[in-house]
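Hi,

Here is the structure I promised to pass on. Have a look first, and my notes follow below.

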Amino acid sequence: MAQINDPKIAFAYLRPACVLLTRQPSVANVETLGGQLRDVDDATLQQLQDYVLFPLRFVLKQPAPRKDGLVEAVAEAMAYLLETTCVQSWDTLRDLLSELCLCLCSPTDPGKPAPATSEEVRVAVLRCLDALLHAAYGDIVFRLFEPSMLPGLGAAISLLLALGEQDKSRGVQAAALRCLQALTLRCDCPQDHVEVSGEEARVLGSTLASFLPGITMALTRIVSGDMRQGHAVTARALRLWSRMVGLVLADSQLQGAGVDARPGLELGRVGELMVQRTEDWVRGTSGRLALLLRKIISCCSAHQHWRVRLELVDMANHLLANCSVSLGECVGSLLETLVGGVNDEEARVRERCEAALRGVAGRSQGCGRGQTFSDVLSESLHSLATSLPRLMRTSDDQRKLFILNVFLGYLKVLGPAVCVVLASATHLQRVSQALLQVLELDVTDVRIVEERSQRVAMETDAAGTSVVAPSQSKHFLYFTDERIFAILVEICRMLGYHGDVYLLTDHFLDWYRESQAYRKQAALVLKELVAGAAGMGVGRSWGGQGEEAEGQGYAPNLEELRAVVGTIIEEYTSLANWHLATSQETDSDPDKQDQHGSPRLLSISSHADRRPLQLQLLNGSGGGPIQLEPRAPTVHQLNSNIWQLCLQLEGIGCFAQALGPAFRPLLMTSLYSVLEKAGEESVLVSQAALGAMWAASEACGYGSLTELINANADYLVNDVSLNLQRLALHPQAPRVLSVMFLHSDPSLLPLLGDLVQDLLLALDLSYDHRAPLFCCVLHSLLKALARWFPSARGGTAEPNRTKMASEDQEVLDVRHFLQDYQRQKQLAEGTWGEEEEEEAGETELPDPSVATETETEGPDVKAELPAHLAIAKDVMERCTHLLSHPSLRLRLKVLDILELCVCVLSEREDELLPMAHRCWHPLLLRLTTDDPLAVLRAFRVLCTLGETCGDFLRKRVSKEVLPKLTSSLTNQAPVSARAGPIYSHTLAYKLQLAVLQGLGSLCLRLDLGESDLNSVCEACLPYLSCRQPAKLQDACLSVFRQLTQVDPDALWLTLNELHCPHSYTAPHPDLEPVVLSGQGSARNEFTDNVLRLLEEFDLPQKHL
């Protein structure tokens, strides 16, 4: 339907509805009028504006209580009318503004909102008010800011601020702030607005200066209020705050006379509301605004929503551009806001910050103050570095993030000027001290020193590739958020990227040497400085002149960087900084270790006096005081040493990555030291050393740790050989060997011959002092040999024999048995036929060709053993002597070595059997008269010997070992049957389980006789009881399963004597009936397991 464009027709069309509304105010009549307004075009409505507004305003002016629905309908109709027309009358603007405000305010207090008004009414009235302010002509709007309008304007501003601050609805808050923007001519919506000239802006600023304190404080409360109000309200309040302050305190308005004209006397008391923007007023206002600004920045700098942070950046840029003189006290905070936004996670915020900073720099240079901008940045950096430790101790994590982002932003903005700034001793001292204090580590956790390594993290798989365990994260004293540490790392790298590397490394090395408290932090900073100098992980850098530099484009001088790295590594690996105590039991002090390996209790105090104790002993000879040994290091000191070593090792790995192939000259001097720490018992230290090895191998072009060690094996072997001869000065040398064995391959074997002999000689000369350390090395050596030269003898020979025997049993039948029996009887009686004897003789004649070849050969000469077998034989000979050592820990380690020696020598039976004979007696003592832990380990060695030696040990095991094993099982069976769940954690249970798990395979390998098998069955039968622990039952079942391969008939008979589930009848009447003691017996505790065995092997049908 076409809209009405004739004023007369439109008047006739609208008149009935207007009259009816005036007579009968109701929601329906208002909606009728509102619907008819949409049928008239905008130009015609403009001519009829006053006529249509009259009934709507008449409804609002009614003194009786108005319903919310009626007021809402009137406000919506009036809003549509004002959005499509212009207000050309000052009286209309003033009256409508007053009437709409009365709809929102309290009757008793016009500056506060009415509590009973609904949310819908407030939204509708605020929309109407916004449309009114946008519809007013420019010359009319400026009359609102005349001095005579101050009371009414103040009431409207107070009402809108109260709605924006106190209302619970986000929509009402946002609408109120939007209206306040329109009322102060600071609106930024896409509609057309009144253009404000310079003089009009001065008048506007002079009038709004009276309300500036109230507006800024209320908006600050909104910004710092409840986070649930949403980011839109916070961002709009920020925008209004900055625009109001930028208008009232604009430098362009305060220049010239600097004092507003005094109001005329005719204003009376209204003139007292006017504010004169004098220099004193500007100075005082700036100081108070600085407090509000700091509060706003602290609340919004780390806001969750990026639009709020973007608005904060716009506010700082706007105020710096318009109020840099009047807000002199706020310039530092505003600049800090822009600098902190350079590292924002949102790209749009970063771009806006960089553009704003370029604008600030351009304005400073345009005013002849280019140096001033750098000076301000450097002084701000100095001030922030001074207060950084305090702020990190007292602020929450969000505040800490912002502070560190500001610190990093200063470095990025300064760029190459960082080198000039740090040339100042004061600035360098402040910055370095701040970083060292903030990065202080928390080393009070007792778990750091408790975690001991068995070098599991460094084990290599069959493919030769090493698996690196994840490094433990660092715990700092003043923060826990990983993002904070990431920013600190970036700060250090930015210093190294833009600063003088020589100056910085010398300075932090001085801290490293002089201060024990700052040594760990200095090592951490030095690592990141070198990484930054090499351009590693350096982000985007702001150039200051509108240029951006990428960190990847920086090309360091490798020669200079290598010289710096060499100095740092030399300091790290010095005797005082490298050989630190990491446990109470150190290899450098073996005489003070407990022979049974039990560690001493650690002191928890972190302030223990480390001076040696002195005790005055008065003796007859009048001797002086006796000086006792120094106190043991506390947990705090050990933790500190561990972390220092870890940081130094991480630093070496980082240096290798920074230099790349240029690190090779330093590798020869540092690799040995790193391998020393890779053999440490502390988990953290060994993992850090392994990480450094990986970093060095990748940087120098090696594909794996094996290639790294093999390529440098000649240097390493030479150093180890020399240090083994001076073991008192170099107690860590055996650990280097251990790590080499762990990460190498058989190609290293030719270099190991003399070295192993040196190692064994050193062991022979120091059995009492350093045997535990040497045994750890020998264990690594034998483990490597077993991995390099796997033997298949132990796992294939006996199973093949058993398989052949089982095949023979399958084809055996009664006919063959009787024929064989007849032949054996004839042989015994001497009646075997001559033909058969001749045939047997023919088959026994030797081959003459073989005899001829044997006669022509020379005398027998024993072939030289391969290198790995010779090494295993020599080591096994030492183990034979060490099996009786008084230290339980050492005996357990020796038993492990002995097991590996047997595995390596298993491929040469002529060498293994004499060594097995030599070690049998001490091994037997470990099996029979030692600690249960040693018995457990010795039984495992016995099982390995049984698999490899076989018949050689049958008589010895049958006579000396088996009776004691069966006796132990028999005696312990009633105990385990009565025990509760906690019994599975005892050593006796573990010993029972190990014996049962290995006994069956031992009997099978040794092919024991009938009497021995009977004793084993008798000892194991109690473990078929359902009262035994489940794992012991399963182990016992495995014993019987393996015994069926040796003598199935005897086993079947034994089981049926215990419980027979069936009755058997003879296949022929002439045969006697089959009677078993287990027939007809009731179910008992053995029934379930016996039935399981009988059903699994199906023995009755097969052997009857």
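To start with a single residue: why does Leu1076 count as buried? Because its relative accessibility is 9%, and buried means under 20% relative accessible area, with exposed over 50% and partly exposed in between (1.4 Å probe, protein chains only).

Before the rest, some housekeeping. This is a predicted model, so to speak of local features pLDDT must be at least 70, and side-chain atom pairs count only at pLDDT 80 or more, while totals for chains, interfaces and linings use all residues. Numbering runs from 1 along each chain as its sequence is written, and side-chain values use heavy atoms, with hydrogens and water left out.

Back to Leu1076, which sits in the loop between helix 49 and helix 50 (1087–1097). Helices here are DSSP runs (H or I, at least four residues), as are strands (E, at least two), numbered from the N terminus. Leaving aside residues up to four places away in sequence, Leu1076 touches Trp1052, Leu1053, Asn1056, Glu1057, Cys1060 and Tyr1064; contact means heavy atoms within 4.5 Å. Asn1056 is 20 residues from Leu1076 in sequence, yet their C-alpha atoms are 6.9 Å apart.

As for the whole protein, there are 51 helices and four strands. Of its 1104 residues, 50% count as buried. Taking contacts between residues at least 6 apart in sequence, 75% join residues at least 24 apart.

Now two helices that cover each other. Helix 5 (68–84) has 17 residues that should span 24 Å at 1.5 Å a residue, and its end C-alpha atoms are 25 Å apart, which agrees. (The expected span is 1.5 Å times one less than the number of residues.) Its buried residues include Leu70, Val71, Met78, Tyr80 and Leu82, and their cover includes helix 2 (27–37), helix 3 (42–47), helix 4, helix 6 and helix 7.

Helix 6 (residues 90–104) reaches 22 Å between its first and last C-alpha, close to the expected 21 Å for 15 residues. Trp90, Glu99, Cys101 and Cys103 are among its buried residues. Helix 5 is in turn part of what covers them, as are helix 4 (49–60), helix 7 (119–135), helix 8 (138–141) and helix 9 (150–166). At the N-terminal end, Ser89 acts as a cap, with a side-chain oxygen 3.4 Å from the backbone nitrogen of Asp91.

Finally, the cavities. A cavity is a set of points on a 1 Å grid over the protein atoms alone where a 1.4 Å probe fits but cannot get out, and lining residues have an atom within 4 Å of a point. Grid points are joined across faces, edges and corners, and the volume is the space filled by probe spheres set on the points. There are two cavities of 30 Å³ or more.

- The largest holds about 70 Å³. Helix 47 (1010–1020) and helix 49 (1048–1058) each supply at least two lining residues, and helix 47 gives the largest share, four. The lining has five nonpolar, two polar and two charged residues.
- The second largest holds about 50 Å³. Helix 30 (664–678) and helix 31 (683–699) each give two or more residues to its lining, with the largest share, four, from helix 30. Here the lining is eight nonpolar, one polar and no charged residues.

For those classes, Ala, Val, Leu, Ile, Met, Phe, Trp, Tyr, Cys and Pro count as nonpolar, Asp, Glu, Lys and Arg as charged, and the others, Gly among them, as polar.

Cheers

Terms used. On a 1 Å grid over the protein atoms alone, a cavity is a set of points where a 1.4 Å probe fits but cannot get out, and a pocket is an open set with protein on both sides within 12 Å along at least five of seven lines; lining residues have an atom within 4 Å of a point. A polar contact is a pair of N or O atoms within 3.5 Å; within protein, one must be able to donate a hydrogen and the other to accept it, and residues adjacent in sequence count only if both atoms are side-chain atoms.
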